[in-house]
Amino acid sequence: MTERKIPAPQVNPEVKPFFDAAAEGRLLVKFCADCAQYHHYPRALCSFCFSGRTEWREAKGTGTIHTYSVLRRGVPVPYCIAYVTLDEGVSILTNIVDCDLDSVRIGQRVKVVFKPTEGGPPVPMFTPI
Amino acid sequence: MTIKGKAYIVGAFEHPTRHAPDKSVAQLHAEVAKGALEDAGLSRKDVDGYFCAGDAPGLGPLSMVDYLGLRVRHVDSTDTGGSSYLVHVAHAAQAIAAGKCNVALVTLAGRPRSEGSSGTQPRSWGANLPDAPFEAPYGLVTINSYAMVAMRHMHEFGTTSEQLAWIKVAASHHAQHNPHAMLREPVTVKDVLDSPLIADPLHRLDCCVVSDGGGALVVARPEIAKSLARPLVRVIGAGESPKGQAGGRLDLTTSGAAWSGKIAFEEAGVKPADIQYASIYDSFTITVLVQLEDLGFCEKGRGGAFVADGNLISGVGRLPVNTDGGGLCNNHPANRGGMTKVIEAVRQLRGEAHPAVQVKNCALALAQGTGGQLGTRHGSATLILERV
(Lines give C-alpha, C1' and ligand atoms only; values in the text may rest on other atoms or scores of the structure.)
Protein backbone atom coordinates (compact mmCIF):
# COMPACT_ATOMS: atom_id res chain seq x y z
CA MET A 1 0.00 0.00 0.00
CA THR A 2 1.27 3.47 -0.88
CA GLU A 3 1.98 5.97 1.88
CA ARG A 4 -0.48 8.81 2.31
CA LYS A 5 0.96 12.17 1.31
CA ILE A 6 0.57 14.63 4.17
CA PRO A 7 -0.01 18.25 3.08
CA ALA A 8 2.40 20.77 4.62
CA PRO A 9 0.92 23.06 7.27
CA GLN A 10 0.69 26.73 6.22
CA VAL A 11 2.92 28.09 8.99
CA ASN A 12 2.38 31.71 10.10
CA PRO A 13 4.42 33.78 12.59
CA GLU A 14 1.92 33.28 15.42
CA VAL A 15 2.39 29.49 15.44
CA LYS A 16 5.92 29.06 14.06
CA PRO A 17 7.35 27.90 17.44
CA PHE A 18 4.91 24.97 17.42
CA PHE A 19 6.28 23.68 14.12
CA ASP A 20 9.91 24.51 14.97
CA ALA A 21 9.51 22.31 18.05
CA ALA A 22 7.78 19.61 16.00
CA ALA A 23 10.90 19.49 13.81
CA GLU A 24 12.84 18.68 17.02
CA GLY A 25 10.32 16.00 18.04
CA ARG A 26 8.64 18.07 20.76
CA LEU A 27 4.89 18.74 21.13
CA LEU A 28 4.07 22.23 22.37
CA VAL A 29 0.77 23.46 23.81
CA LYS A 30 -0.16 27.04 24.63
CA PHE A 31 -0.58 27.82 28.35
CA CYS A 32 -1.95 31.05 29.83
CA ALA A 33 0.04 32.53 32.70
CA ASP A 34 -3.01 34.50 33.86
CA CYS A 35 -5.79 31.89 33.96
CA ALA A 36 -3.50 28.82 34.11
CA GLN A 37 -5.38 27.04 31.32
CA TYR A 38 -4.07 25.19 28.29
CA HIS A 39 -5.74 25.80 24.94
CA HIS A 40 -5.43 24.40 21.41
CA TYR A 41 -5.10 25.27 18.54
CA PRO A 42 -2.58 27.85 19.77
CA ARG A 43 -3.36 31.57 19.89
CA ALA A 44 -1.31 34.61 20.91
CA LEU A 45 -4.19 35.73 23.12
CA CYS A 46 -5.67 33.17 25.51
CA SER A 47 -8.80 31.49 24.16
CA PHE A 48 -10.42 31.58 27.60
CA CYS A 49 -9.47 34.90 29.29
CA PHE A 50 -8.05 36.86 26.31
CA SER A 51 -4.80 37.57 28.19
CA GLY A 52 -1.71 38.22 26.10
CA ARG A 53 0.46 36.38 28.63
CA THR A 54 0.42 33.03 26.85
CA GLU A 55 3.48 30.79 26.70
CA TRP A 56 4.52 27.57 25.00
CA ARG A 57 4.76 24.50 27.25
CA GLU A 58 6.05 21.10 26.25
CA ALA A 59 3.30 18.48 26.51
CA LYS A 60 3.90 15.01 27.89
CA GLY A 61 2.88 13.66 24.48
CA THR A 62 0.35 11.15 25.76
CA GLY A 63 -3.42 11.19 25.69
CA THR A 64 -6.70 9.38 25.02
CA ILE A 65 -8.72 9.05 21.82
CA HIS A 66 -11.88 11.21 22.21
CA THR A 67 -13.37 10.33 18.83
CA TYR A 68 -12.19 9.17 15.40
CA SER A 69 -13.22 8.17 11.90
CA VAL A 70 -11.49 6.13 9.20
CA LEU A 71 -12.05 7.64 5.75
CA ARG A 72 -12.26 4.59 3.47
CA ARG A 73 -13.58 5.83 0.11
CA GLY A 74 -12.75 8.64 -2.28
CA VAL A 75 -9.11 8.81 -1.17
CA PRO A 76 -6.05 6.90 -2.46
CA VAL A 77 -5.11 5.54 0.98
CA PRO A 78 -7.54 5.14 3.94
CA TYR A 79 -6.58 7.13 7.04
CA CYS A 80 -7.87 7.76 10.54
CA ILE A 81 -8.69 11.27 11.71
CA ALA A 82 -9.21 11.75 15.44
CA TYR A 83 -9.41 14.10 18.35
CA VAL A 84 -6.96 13.09 21.07
CA THR A 85 -7.44 14.58 24.54
CA LEU A 86 -3.94 15.26 25.83
CA ASP A 87 -3.13 14.52 29.45
CA GLU A 88 -2.91 18.32 29.82
CA GLY A 89 -6.70 18.40 29.24
CA VAL A 90 -7.09 19.89 25.77
CA SER A 91 -8.11 18.02 22.64
CA ILE A 92 -6.07 18.14 19.46
CA LEU A 93 -7.15 17.22 15.93
CA THR A 94 -4.75 14.60 14.56
CA ASN A 95 -4.34 11.25 12.83
CA ILE A 96 -3.97 7.82 14.44
CA VAL A 97 -1.12 6.05 12.64
CA ASP A 98 1.19 3.00 12.67
CA CYS A 99 -1.54 0.56 13.67
CA ASP A 100 -4.41 -1.52 12.29
CA LEU A 101 -7.03 1.18 11.59
CA ASP A 102 -9.84 -1.29 12.31
CA SER A 103 -8.56 -1.65 15.90
CA VAL A 104 -8.85 2.05 16.80
CA ARG A 105 -11.31 2.73 19.64
CA ILE A 106 -12.54 5.69 21.69
CA GLY A 107 -10.78 5.70 25.05
CA GLN A 108 -7.59 4.11 23.70
CA ARG A 109 -4.31 5.47 25.14
CA VAL A 110 -1.97 6.96 22.56
CA LYS A 111 1.40 8.71 22.33
CA VAL A 112 2.75 11.31 19.93
CA VAL A 113 4.86 10.54 16.88
CA PHE A 114 6.02 13.06 14.29
CA LYS A 115 5.39 12.48 10.59
CA PRO A 116 7.01 14.28 7.64
CA THR A 117 4.87 16.47 5.38
CA GLU A 118 5.16 17.38 1.70
CA GLY A 119 7.78 20.15 1.76
CA GLY A 120 6.92 21.47 5.23
CA PRO A 121 7.75 20.80 8.88
CA PRO A 122 6.68 17.48 10.45
CA VAL A 123 3.35 17.36 12.29
CA PRO A 124 2.32 15.51 15.47
CA MET A 125 0.25 12.36 15.07
CA PHE A 126 -0.57 9.62 17.57
CA THR A 127 -0.16 5.88 17.83
CA PRO A 128 -1.60 3.40 20.37
CA ILE A 129 0.62 2.75 23.39
CA MET B 1 -36.43 45.33 19.77
CA THR B 2 -37.93 42.08 18.56
CA ILE B 3 -38.40 41.03 14.95
CA LYS B 4 -41.57 39.16 15.88
CA GLY B 5 -44.17 39.95 13.25
CA LYS B 6 -42.06 42.72 11.68
CA ALA B 7 -41.48 40.93 8.37
CA TYR B 8 -43.10 38.33 6.12
CA ILE B 9 -41.66 35.86 3.63
CA VAL B 10 -43.64 36.80 0.53
CA GLY B 11 -41.67 35.01 -2.18
CA ALA B 12 -39.88 31.65 -2.33
CA PHE B 13 -38.42 29.79 -5.29
CA GLU B 14 -36.30 26.65 -5.64
CA HIS B 15 -34.55 26.23 -8.98
CA PRO B 16 -35.82 23.03 -10.64
CA THR B 17 -32.37 22.11 -11.97
CA ARG B 18 -30.04 19.72 -10.16
CA HIS B 19 -27.38 19.75 -12.88
CA ALA B 20 -26.46 22.95 -14.71
CA PRO B 21 -23.20 22.54 -16.63
CA ASP B 22 -24.44 24.98 -19.28
CA LYS B 23 -25.17 27.88 -16.92
CA SER B 24 -23.07 30.35 -14.94
CA VAL B 25 -23.36 30.77 -11.17
CA ALA B 26 -24.46 34.39 -11.58
CA GLN B 27 -27.10 33.29 -14.08
CA LEU B 28 -28.50 30.79 -11.57
CA HIS B 29 -28.67 33.60 -8.98
CA ALA B 30 -30.63 35.72 -11.48
CA GLU B 31 -33.00 32.89 -12.39
CA VAL B 32 -33.89 32.18 -8.75
CA ALA B 33 -34.27 35.91 -8.03
CA LYS B 34 -36.72 36.19 -10.92
CA GLY B 35 -38.58 33.09 -9.72
CA ALA B 36 -38.98 34.35 -6.16
CA LEU B 37 -40.11 37.83 -7.26
CA GLU B 38 -42.69 36.30 -9.63
CA ASP B 39 -43.87 34.03 -6.81
CA ALA B 40 -44.36 37.10 -4.61
CA GLY B 41 -46.01 39.17 -7.32
CA LEU B 42 -43.33 41.83 -7.04
CA SER B 43 -40.90 43.27 -9.57
CA ARG B 44 -37.18 43.88 -9.48
CA LYS B 45 -37.85 47.61 -8.99
CA ASP B 46 -39.53 46.86 -5.65
CA VAL B 47 -36.32 45.37 -4.20
CA ASP B 48 -34.39 47.80 -1.98
CA GLY B 49 -32.38 45.29 0.08
CA TYR B 50 -30.11 42.50 -1.19
CA PHE B 51 -28.62 39.57 0.74
CA CYS B 52 -26.15 36.91 -0.38
CA ALA B 53 -23.34 34.73 1.07
CA GLY B 54 -20.08 33.21 -0.11
CA ASP B 55 -21.67 31.26 -2.96
CA ALA B 56 -22.27 34.55 -4.79
CA PRO B 57 -19.41 35.27 -7.18
CA GLY B 58 -17.00 38.16 -6.77
CA LEU B 59 -17.50 40.67 -4.00
CA GLY B 60 -20.96 39.42 -3.10
CA PRO B 61 -23.41 42.33 -3.17
CA LEU B 62 -21.03 44.54 -5.20
CA SER B 63 -20.88 42.02 -8.02
CA MET B 64 -24.44 40.75 -7.76
CA VAL B 65 -26.32 44.05 -7.33
CA ASP B 66 -24.67 45.21 -10.55
CA TYR B 67 -25.25 41.92 -12.39
CA LEU B 68 -28.89 41.72 -11.29
CA GLY B 69 -29.52 45.37 -12.17
CA LEU B 70 -30.73 46.28 -8.69
CA ARG B 71 -30.88 49.68 -7.02
CA VAL B 72 -30.78 49.03 -3.27
CA ARG B 73 -30.21 50.93 -0.03
CA HIS B 74 -29.29 47.99 2.17
CA VAL B 75 -26.94 45.00 1.63
CA ASP B 76 -25.75 42.11 3.83
CA SER B 77 -23.26 39.39 2.91
CA THR B 78 -23.13 37.50 6.21
CA ASP B 79 -21.54 34.10 5.56
CA THR B 80 -22.10 31.32 8.06
CA GLY B 81 -21.89 28.56 5.45
CA GLY B 82 -25.08 26.66 4.71
CA SER B 83 -26.93 28.41 7.53
CA SER B 84 -26.38 31.86 5.97
CA TYR B 85 -29.81 32.15 4.35
CA LEU B 86 -31.70 31.70 7.60
CA VAL B 87 -29.50 34.42 9.08
CA HIS B 88 -30.31 36.55 6.03
CA VAL B 89 -34.05 36.23 6.66
CA ALA B 90 -33.50 37.29 10.28
CA HIS B 91 -31.25 40.20 9.27
CA ALA B 92 -33.75 41.23 6.59
CA ALA B 93 -36.46 41.31 9.24
CA GLN B 94 -34.21 43.46 11.44
CA ALA B 95 -33.43 45.82 8.56
CA ILE B 96 -37.13 46.12 7.70
CA ALA B 97 -38.02 46.74 11.36
CA ALA B 98 -35.35 49.47 11.49
CA GLY B 99 -36.64 51.10 8.32
CA LYS B 100 -33.54 50.30 6.29
CA CYS B 101 -35.43 48.51 3.51
CA ASN B 102 -38.93 47.41 2.52
CA VAL B 103 -38.37 44.44 0.22
CA ALA B 104 -35.33 42.22 0.73
CA LEU B 105 -34.13 39.70 -1.85
CA VAL B 106 -31.99 36.73 -0.70
CA THR B 107 -30.30 34.53 -3.32
CA LEU B 108 -28.23 31.33 -3.30
CA ALA B 109 -26.82 29.39 -6.25
CA GLY B 110 -23.92 27.16 -7.19
CA ARG B 111 -22.70 24.32 -9.38
CA PRO B 112 -20.75 21.92 -7.13
CA ARG B 113 -22.02 18.91 -9.10
CA SER B 114 -20.75 20.25 -12.42
CA GLU B 115 -17.51 21.32 -10.77
CA GLY B 116 -16.83 17.86 -9.32
CA SER B 117 -17.21 18.69 -5.63
CA SER B 118 -17.07 15.80 -3.14
CA GLY B 119 -17.40 15.47 0.62
CA THR B 120 -14.25 13.34 0.72
CA GLN B 121 -12.06 16.16 -0.65
CA PRO B 122 -10.75 19.16 1.29
CA ARG B 123 -12.65 22.40 0.72
CA SER B 124 -10.84 25.69 0.40
CA TRP B 125 -11.99 28.36 2.84
CA GLY B 126 -9.37 30.94 1.77
CA ALA B 127 -5.99 32.08 3.07
CA ASN B 128 -4.87 32.95 6.61
CA LEU B 129 -7.26 30.65 8.44
CA PRO B 130 -5.97 30.37 12.02
CA ASP B 131 -7.10 26.74 12.31
CA ALA B 132 -5.77 25.49 8.95
CA PRO B 133 -2.18 24.67 10.03
CA PHE B 134 -3.64 22.35 12.69
CA GLU B 135 -6.24 20.68 10.49
CA ALA B 136 -5.25 20.55 6.81
CA PRO B 137 -2.30 18.14 7.31
CA TYR B 138 -4.64 15.59 8.89
CA GLY B 139 -6.99 15.25 5.94
CA LEU B 140 -9.96 16.98 7.52
CA VAL B 141 -12.76 16.89 4.92
CA THR B 142 -16.49 17.38 5.22
CA ILE B 143 -17.56 13.81 5.88
CA ASN B 144 -14.93 12.79 8.44
CA SER B 145 -15.67 15.91 10.46
CA TYR B 146 -19.34 14.90 10.79
CA ALA B 147 -18.38 11.23 11.19
CA MET B 148 -16.36 12.05 14.32
CA VAL B 149 -19.49 13.63 15.82
CA ALA B 150 -21.53 10.52 14.96
CA MET B 151 -18.87 8.25 16.47
CA ARG B 152 -18.81 10.25 19.69
CA HIS B 153 -22.62 10.38 19.86
CA MET B 154 -22.75 6.59 19.55
CA HIS B 155 -20.13 6.28 22.29
CA GLU B 156 -21.85 8.63 24.73
CA PHE B 157 -25.49 7.71 24.12
CA GLY B 158 -25.58 4.31 22.44
CA THR B 159 -26.98 5.74 19.19
CA THR B 160 -26.92 3.15 16.39
CA SER B 161 -26.40 3.16 12.62
CA GLU B 162 -29.92 1.75 12.28
CA GLN B 163 -31.35 4.78 14.06
CA LEU B 164 -29.36 7.18 11.86
CA ALA B 165 -30.59 5.27 8.80
CA TRP B 166 -34.22 6.08 9.70
CA ILE B 167 -33.46 9.74 8.91
CA LYS B 168 -32.56 8.77 5.33
CA VAL B 169 -35.57 6.46 5.11
CA ALA B 170 -37.88 9.36 6.07
CA ALA B 171 -36.23 11.68 3.53
CA SER B 172 -36.61 9.10 0.78
CA HIS B 173 -40.30 8.55 1.60
CA HIS B 174 -40.85 12.27 1.08
CA ALA B 175 -38.61 12.55 -1.99
CA GLN B 176 -40.63 9.97 -3.94
CA HIS B 177 -43.34 12.64 -4.29
CA ASN B 178 -40.94 15.39 -5.46
CA PRO B 179 -40.47 15.26 -9.25
CA HIS B 180 -37.32 17.42 -8.98
CA ALA B 181 -35.60 15.32 -6.29
CA MET B 182 -32.29 13.72 -7.23
CA LEU B 183 -33.02 10.47 -5.35
CA ARG B 184 -36.69 9.49 -5.65
CA GLU B 185 -36.47 5.80 -4.80
CA PRO B 186 -37.67 4.95 -1.26
CA VAL B 187 -34.94 3.17 0.71
CA THR B 188 -34.97 0.92 3.78
CA VAL B 189 -32.79 0.86 6.88
CA LYS B 190 -31.07 -2.18 5.37
CA ASP B 191 -30.34 -0.27 2.14
CA VAL B 192 -28.57 2.42 4.15
CA LEU B 193 -26.54 -0.08 6.19
CA ASP B 194 -25.65 -2.06 3.04
CA SER B 195 -24.36 1.03 1.23
CA PRO B 196 -20.56 1.42 1.36
CA LEU B 197 -18.97 2.72 4.53
CA ILE B 198 -17.37 6.04 3.55
CA ALA B 199 -16.10 7.38 6.88
CA ASP B 200 -16.99 5.24 9.91
CA PRO B 201 -19.71 5.20 11.03
CA LEU B 202 -21.29 7.04 8.07
CA HIS B 203 -22.39 5.13 4.96
CA ARG B 204 -22.90 6.53 1.49
CA LEU B 205 -26.65 6.81 2.14
CA ASP B 206 -26.02 8.79 5.35
CA CYS B 207 -24.78 11.60 3.07
CA CYS B 208 -26.63 14.36 1.25
CA VAL B 209 -26.60 14.74 -2.52
CA VAL B 210 -24.24 17.09 -4.39
CA SER B 211 -26.39 19.25 -6.68
CA ASP B 212 -26.28 22.33 -8.86
CA GLY B 213 -29.03 24.88 -8.55
CA GLY B 214 -30.19 27.44 -6.04
CA GLY B 215 -33.05 29.22 -4.41
CA ALA B 216 -34.27 32.66 -3.43
CA LEU B 217 -36.53 34.33 -0.90
CA VAL B 218 -38.27 37.69 -0.77
CA VAL B 219 -38.88 39.23 2.66
CA ALA B 220 -41.14 42.27 2.99
CA ARG B 221 -42.71 44.57 5.55
CA PRO B 222 -46.24 43.65 6.76
CA GLU B 223 -48.11 46.33 4.75
CA ILE B 224 -46.54 45.10 1.52
CA ALA B 225 -47.12 41.43 2.39
CA LYS B 226 -50.80 42.11 3.05
CA SER B 227 -51.18 43.86 -0.32
CA LEU B 228 -50.04 40.73 -2.19
CA ALA B 229 -52.10 37.75 -3.27
CA ARG B 230 -49.99 35.07 -1.53
CA PRO B 231 -50.74 33.33 1.81
CA LEU B 232 -49.18 35.23 4.72
CA VAL B 233 -46.08 33.71 6.33
CA ARG B 234 -44.50 35.83 9.00
CA VAL B 235 -41.20 35.58 10.87
CA ILE B 236 -41.82 35.33 14.62
CA GLY B 237 -38.48 34.15 15.99
CA ALA B 238 -34.84 33.89 14.96
CA GLY B 239 -31.54 32.87 16.51
CA GLU B 240 -27.97 32.66 15.21
CA SER B 241 -25.08 31.06 17.10
CA PRO B 242 -21.75 29.92 15.66
CA LYS B 243 -20.04 27.21 17.73
CA GLY B 244 -16.47 25.94 17.59
CA GLN B 245 -13.84 23.88 19.37
CA ALA B 246 -13.82 26.08 22.49
CA GLY B 247 -10.05 26.25 22.74
CA GLY B 248 -9.80 22.46 22.79
CA ARG B 249 -12.51 21.74 25.37
CA LEU B 250 -14.64 19.74 23.01
CA ASP B 251 -18.37 19.27 23.29
CA LEU B 252 -18.93 17.59 19.93
CA THR B 253 -22.35 16.08 20.56
CA THR B 254 -23.98 19.47 21.12
CA SER B 255 -24.45 21.86 18.19
CA GLY B 256 -25.04 25.60 18.02
CA ALA B 257 -28.74 24.76 17.65
CA ALA B 258 -28.83 24.48 21.44
CA TRP B 259 -28.17 28.23 21.54
CA SER B 260 -29.85 29.53 18.37
CA GLY B 261 -32.94 27.43 19.01
CA LYS B 262 -33.41 28.72 22.53
CA ILE B 263 -33.15 32.32 21.33
CA ALA B 264 -35.65 31.73 18.52
CA PHE B 265 -38.18 29.88 20.70
CA GLU B 266 -38.03 32.62 23.34
CA GLU B 267 -38.56 35.34 20.76
CA ALA B 268 -41.46 33.49 19.16
CA GLY B 269 -43.02 32.59 22.51
CA VAL B 270 -43.63 28.99 21.45
CA LYS B 271 -42.31 25.56 22.48
CA PRO B 272 -40.87 22.68 20.44
CA ALA B 273 -44.09 20.71 21.06
CA ASP B 274 -46.05 23.47 19.26
CA ILE B 275 -44.11 23.03 15.99
CA GLN B 276 -46.14 21.22 13.31
CA TYR B 277 -43.43 20.97 10.66
CA ALA B 278 -39.62 21.24 10.85
CA SER B 279 -36.99 21.71 8.17
CA ILE B 280 -33.77 20.42 9.74
CA TYR B 281 -30.45 20.81 7.92
CA ASP B 282 -29.44 17.39 6.68
CA SER B 283 -25.94 17.41 5.25
CA PHE B 284 -25.66 13.98 6.91
CA THR B 285 -28.07 11.91 8.98
CA ILE B 286 -26.15 12.74 12.17
CA THR B 287 -26.65 16.47 11.52
CA VAL B 288 -30.43 16.03 11.83
CA LEU B 289 -30.23 13.89 14.96
CA VAL B 290 -28.01 16.30 16.90
CA GLN B 291 -30.06 19.36 15.94
CA LEU B 292 -33.38 17.72 16.88
CA GLU B 293 -31.97 17.09 20.35
CA ASP B 294 -30.49 20.55 20.68
CA LEU B 295 -33.71 22.25 19.58
CA GLY B 296 -35.53 20.40 22.36
CA PHE B 297 -37.69 18.05 20.27
CA CYS B 298 -36.32 15.31 22.51
CA GLU B 299 -33.82 14.99 25.35
CA LYS B 300 -30.09 15.11 24.63
CA GLY B 301 -28.97 11.60 23.81
CA ARG B 302 -32.49 10.38 22.95
CA GLY B 303 -32.35 11.45 19.29
CA GLY B 304 -31.80 7.91 18.08
CA ALA B 305 -35.03 6.67 19.60
CA PHE B 306 -36.85 9.83 18.46
CA VAL B 307 -36.02 9.47 14.75
CA ALA B 308 -36.61 5.70 14.55
CA ASP B 309 -39.66 3.89 13.21
CA GLY B 310 -40.72 6.61 10.80
CA ASN B 311 -41.25 9.34 13.38
CA LEU B 312 -40.05 11.99 10.89
CA ILE B 313 -42.35 10.83 8.05
CA SER B 314 -45.30 13.11 7.28
CA GLY B 315 -48.60 11.42 8.11
CA VAL B 316 -46.83 8.65 10.01
CA GLY B 317 -44.68 10.15 12.75
CA ARG B 318 -44.94 12.86 15.38
CA LEU B 319 -42.70 15.43 13.67
CA PRO B 320 -42.72 15.69 9.86
CA VAL B 321 -39.20 16.73 8.79
CA ASN B 322 -37.89 17.79 5.37
CA THR B 323 -40.96 16.89 3.34
CA ASP B 324 -39.25 17.91 0.08
CA GLY B 325 -36.77 15.05 0.56
CA GLY B 326 -34.19 17.39 2.12
CA GLY B 327 -30.53 17.52 1.28
CA LEU B 328 -30.38 13.77 1.79
CA CYS B 329 -32.54 13.06 -1.28
CA ASN B 330 -33.79 16.21 -2.97
CA ASN B 331 -31.30 19.04 -3.32
CA HIS B 332 -28.23 20.60 -1.67
CA PRO B 333 -27.40 23.46 -4.05
CA ALA B 334 -23.94 25.03 -3.71
CA ASN B 335 -23.26 22.57 -0.86
CA ARG B 336 -25.36 24.96 1.23
CA GLY B 337 -28.71 23.59 2.34
CA GLY B 338 -30.16 26.44 4.42
CA MET B 339 -32.10 28.06 1.58
CA THR B 340 -34.09 24.96 0.68
CA LYS B 341 -34.89 24.48 4.38
CA VAL B 342 -36.68 27.83 4.48
CA ILE B 343 -38.40 27.25 1.12
CA GLU B 344 -40.02 23.94 2.18
CA ALA B 345 -41.16 25.49 5.48
CA VAL B 346 -42.83 28.28 3.48
CA ARG B 347 -44.50 25.70 1.20
CA GLN B 348 -45.87 23.85 4.23
CA LEU B 349 -47.24 27.04 5.82
CA ARG B 350 -48.86 28.09 2.55
CA GLY B 351 -50.37 24.63 2.10
CA GLU B 352 -48.37 24.26 -1.11
CA ALA B 353 -46.28 21.19 -0.25
CA HIS B 354 -47.01 18.03 -2.24
CA PRO B 355 -50.44 16.72 -1.12
CA ALA B 356 -48.87 13.41 -0.08
CA VAL B 357 -46.64 15.16 2.45
CA GLN B 358 -48.60 18.33 3.29
CA VAL B 359 -49.13 18.77 7.05
CA LYS B 360 -52.82 19.50 7.71
CA ASN B 361 -53.53 23.11 8.73
CA CYS B 362 -49.85 23.81 9.15
CA ALA B 363 -49.64 27.12 10.99
CA LEU B 364 -46.32 26.92 12.85
CA ALA B 365 -43.04 25.73 11.34
CA LEU B 366 -39.37 25.78 12.21
CA ALA B 367 -36.37 25.94 9.89
CA GLN B 368 -32.93 25.04 11.21
CA GLY B 369 -29.62 25.47 9.40
CA THR B 370 -26.02 24.57 10.07
CA GLY B 371 -22.97 25.56 8.06
CA GLY B 372 -19.30 24.74 7.98
CA GLN B 373 -18.47 21.53 9.84
CA LEU B 374 -20.13 20.09 12.92
CA GLY B 375 -16.84 18.47 14.02
CA THR B 376 -14.79 21.68 14.04
CA ARG B 377 -16.74 24.91 13.77
CA HIS B 378 -20.16 25.63 12.41
CA GLY B 379 -22.83 28.26 12.08
CA SER B 380 -26.28 27.56 13.44
CA ALA B 381 -29.42 29.50 12.65
CA THR B 382 -33.03 28.90 13.65
CA LEU B 383 -36.16 30.51 12.20
CA ILE B 384 -39.69 30.13 13.49
CA LEU B 385 -42.40 30.99 10.98
CA GLU B 386 -46.14 31.36 11.37
CA ARG B 387 -49.03 31.41 8.92
CA VAL B 388 -51.44 34.23 9.66
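In the predicted model, chain B is divided into domain 1 (8-115 + 212-234) and domain 2 (139-210 + 237-387), so that, by the assignment used, each domain is built from two separate stretches of the chain. The C-alpha centres of domain 1 of chain B and domain 2 of chain B lie 23 Å apart, and the contact between them involves 32 residues of domain 1 and 35 residues of domain 2. On the side of domain 1 of chain B that touches domain 2 of chain B, at least two residues are supplied by each of β1 (8-14), α3, β4 (103-110), β7 (213-220) and β8 (233-240) of chain B. Of these elements, α3(B) gives the most to this side, with seven residues. By residue class, this side of domain 1 of chain B comprises 16 nonpolar, 10 polar and six charged residues.The largest nonpolar core contains 162 residues, of which I9(B), V89(B), V218(B), V219(B), V342(B), L383(B) and L385(B) touch the most other members. Helix α3 (residues 84-97) of chain B provides the largest share of this core, nine residues, and at least three residues are drawn from each of domain 1 and domain 2 of chain B. V89(B), one of the residues that touch the most other members, is in contact with I9(B), V106(B), L217(B), V219(B), V235(B), V342(B) and L383(B) when its neighbours within four places in sequence are left aside. In soluble globular proteins, nonpolar side chains tend to be buried together.

Strand β4(B) is largely enclosed by the rest of the structure, because eight of its eight residues are buried. Both faces of this strand are covered, with V103(B), L105(B), T107(B) and A109(B) buried on one side and A104(B), V106(B), L108(B) and G110(B) buried on the other. Two pairings of β4(B) may be described in turn. Strand β2 (residues 49-51) of chain B runs parallel to β4(B) and is joined to it by three bridges, whereas β4(B) and β7(B) pair in the antiparallel sense over eight bridges. L105(B) takes part in both pairings, standing opposite Y50(B) and opposite V218(B) in β7(B). V106(B), which is buried on the other side of β4(B) from L105(B), is among the residues in contact with V89(B).

A contrasting environment is found at R71(B), which is placed in the loop between α2 (61-68) and β3 (74-76) of chain B. Since only 12 or fewer other C-beta atoms within 10 Å are allowed for an exposed residue, R71(B) is classed as exposed because it has 10 such atoms within that distance. R71(B) and D46(B) are separated by 25 residues in sequence, while their C-alpha atoms are 9.2 Å apart in space.

In chain A, an open sheet of three strands has the order β2-β1-β3, with antiparallel pairing. Strands β2 and β3 of chain A stand at the edges, each with a single partner strand, and therefore one side of each is left without a neighbour in the sheet. Strand β1 (residues 28-32) of chain A is largely enclosed by the rest of the structure, because five of its five residues are buried. From β1(A), L28(A), K30(A) and C32(A) point one way and V29(A) and F31(A) the other way, and all of these residues are buried. Strands of a sheet pair through backbone hydrogen bonds, either parallel or antiparallel.

The antiparallel pairing of β1(A) with strand β3 (residues 54-58) of chain A extends over five bridges, and within it E55(A) is the bridge partner of F31(A). With strand β2 (residues 38-39) of chain A, which also runs antiparallel to β1(A), the pairing consists of two bridges. In this second pairing the bridge partner of F31(A) is Y38(A), and K30(A) stands opposite H39(A). The hairpin of β1(A) and β2(A) has five residues between the strands, and A36(A) takes a positive phi near 60 degrees there.

The contact between chain A and chain B takes 33 residues from chain A and 30 residues from chain B. On the side of chain A that touches chain B, β4 (62-71), β5 (79-86) and β6 (91-96) of chain A each supply at least two residues, and the largest share, six residues, comes from β4(A). The residues on this side of chain A divide into 19 nonpolar, 12 polar and two charged.

Note on methods: Residues are numbered from 1 along each chain as its sequence is written. Chains are lettered from A and ligands numbered from 1 in the order in which they are written. This is a predicted model: local features need pLDDT of at least 70, side-chain atom pairs count only at pLDDT 80 or more; totals for chains, interfaces and linings use all residues. Two residues are in contact if their C-beta atoms, placed from the backbone, lie within 7 Å. Helices (H or I, at least four residues) and strands (E, at least two) are DSSP runs, numbered from the N terminus. Ala, Val, Leu, Ile, Met, Phe, Trp, Tyr, Cys and Pro count as nonpolar, Asp, Glu, Lys and Arg as charged, and the others, Gly among them, as polar. A residue is buried if 20 or more other C-beta atoms lie within 10 Å of its own, exposed if 12 or fewer, and partly exposed in between; C-beta atoms are placed from the backbone. A nonpolar core is a set of buried Ala, Val, Leu, Ile, Met, Phe, Trp, Tyr and Cys residues joined through C-beta atoms within 7 Å. Domain bounds come from an automatic or database domain assignment. Two strands pair if DSSP finds at least two bridges between them.
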